Structure formats: structure tokens, C-alpha cells
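Thank you for coming; I would like to walk you through one structure this morning, beginning with a single residue and then widening the view. Please have the sequence and the model open as we go.

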Amino acid sequence: MKVSVDSSRCEAHGMCEASDPEFFTLDEDGYSSIGLDKEVLAAQENQVRLGVQSCPMGALSISDD
């Protein structure tokens, strides 16, 4: 499983980071800095899915490659 952020949609609400601060990193202005296709460890999958779902702007997406 991989997660990507659409930087043009992120509005720095920080809801993703609140769900899993170890995975969802933010830049100095509070915008997601995970980039594209960040690999998710199996043990993190449930928490990361919650973080993706918590984004009010739908800026995060999951691919199950």
C-alpha cells in the first residue's frame, strides 16, 4: 500500500498528522510533506487509512500496488 498527497488540494488542516504523526509529516507551514507513493508498513495500514479518510479536502489517496 502507498499513499500520495495532491499538494494543490492540501490546505494544511493537519487532520492526517493528528491520526498518525509518525507517517503523515508536515512542512514548516503545516502542509503535508509525504510526497507521492510513500510506502506504508503493514502494521500502519489501519491508522494510515484513517488519516487519509480524515482529510477534509480529499488531498490524500491510497494505491494498493
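Once we set aside its neighbours within four places in sequence, Phe24 is in contact with Val3, Cys16, Glu17, Ser19, Ile34, Val48, Gly51, Val52 and Leu60. I should say at once that this is a predicted model, and that everything I describe is computed from it. As for where this residue sits, Phe24 belongs to the loop between α1, which covers 15–19, and β2, which covers 38–39. Is Phe24 buried or exposed? Its relative accessible area is 0%, and because the cut-off for burial is under 20%, Phe24 counts as buried. To give a sense of distance, Ser61 is 37 residues from Phe24 along the chain, and the C-alpha atoms of the two are separated by 12 Å.

The loop between α1 and β2 also holds Ser32, which has a relative accessibility of 11% and therefore counts as buried as well. Apart from neighbours within four places in sequence, the residues in contact with Ser32 are Val5, Cys10, Thr25, Leu26 and Leu60. Leu60, then, appears in the contact list of Phe24 and again in that of Ser32.

Let me now step back to the whole chain. The protein has two helices and three strands, and, read from the N terminus, these elements follow the order β-α-β-α-β. The radius of gyration is 10 Å, close to the 11 Å that the globule rule gives for 65 residues, so the protein is as compact as a globular protein of that length. Along its principal axes, the C-alpha trace spans about 30 × 20 × 20 Å.

Of the 65 residues, 32% are buried, while the area that the protein exposes comes to about 4,000 Å², with carbon and sulfur atoms supplying 47% of it. If we consider contacts between residues at least 6 apart in sequence, 67% of them join residues at least 24 apart.

Finally, there is the interior space to consider. How many cavities of 30 Å³ or more does the structure hold? There is one, and its volume is about 110 Å³. Its lining is made up of 17 residues, and those nearest the centre are Cys10, His13, Gly14, Cys16 and Cys55. By character, the lining residues divide into eleven nonpolar, four polar and two charged. Two of the residues nearest the centre, Cys10 and Cys16, have come up already, since Cys16 is in contact with Phe24 and Cys10 is in contact with Ser32.

How values were computed: Residues are numbered from 1 along each chain as its sequence is written. This is a predicted model: local features need pLDDT of at least 70, side-chain atom pairs count only at pLDDT 80 or more; totals for chains, interfaces and linings use all residues. Side-chain values use heavy atoms; hydrogens and water are left out. On a 1 Å grid over the protein atoms alone, a cavity is a set of points where a 1.4 Å probe fits but cannot get out, and a pocket is an open set with protein on both sides within 12 Å along at least five of seven lines; lining residues have an atom within 4 Å of a point. Grid points are joined across faces, edges and corners, and a volume is the space filled by probe spheres set on the points. Ala, Val, Leu, Ile, Met, Phe, Trp, Tyr, Cys and Pro count as nonpolar, Asp, Glu, Lys and Arg as charged, and the others, Gly among them, as polar. Helices (H or I, at least four residues) and strands (E, at least two) are DSSP runs, numbered from the N terminus. The radius of gyration is taken over C-alpha atoms; the globule rule is 2.2 Å times the number of residues to the power 0.38. Buried means under 20% relative accessible area, exposed over 50%, partly exposed in between (1.4 Å probe, protein chains only). Contact means heavy atoms within 4.5 Å. Accessible areas come from the Shrake-Rupley method with a 1.4 Å probe; for residues, only the protein chains shown count as cover.
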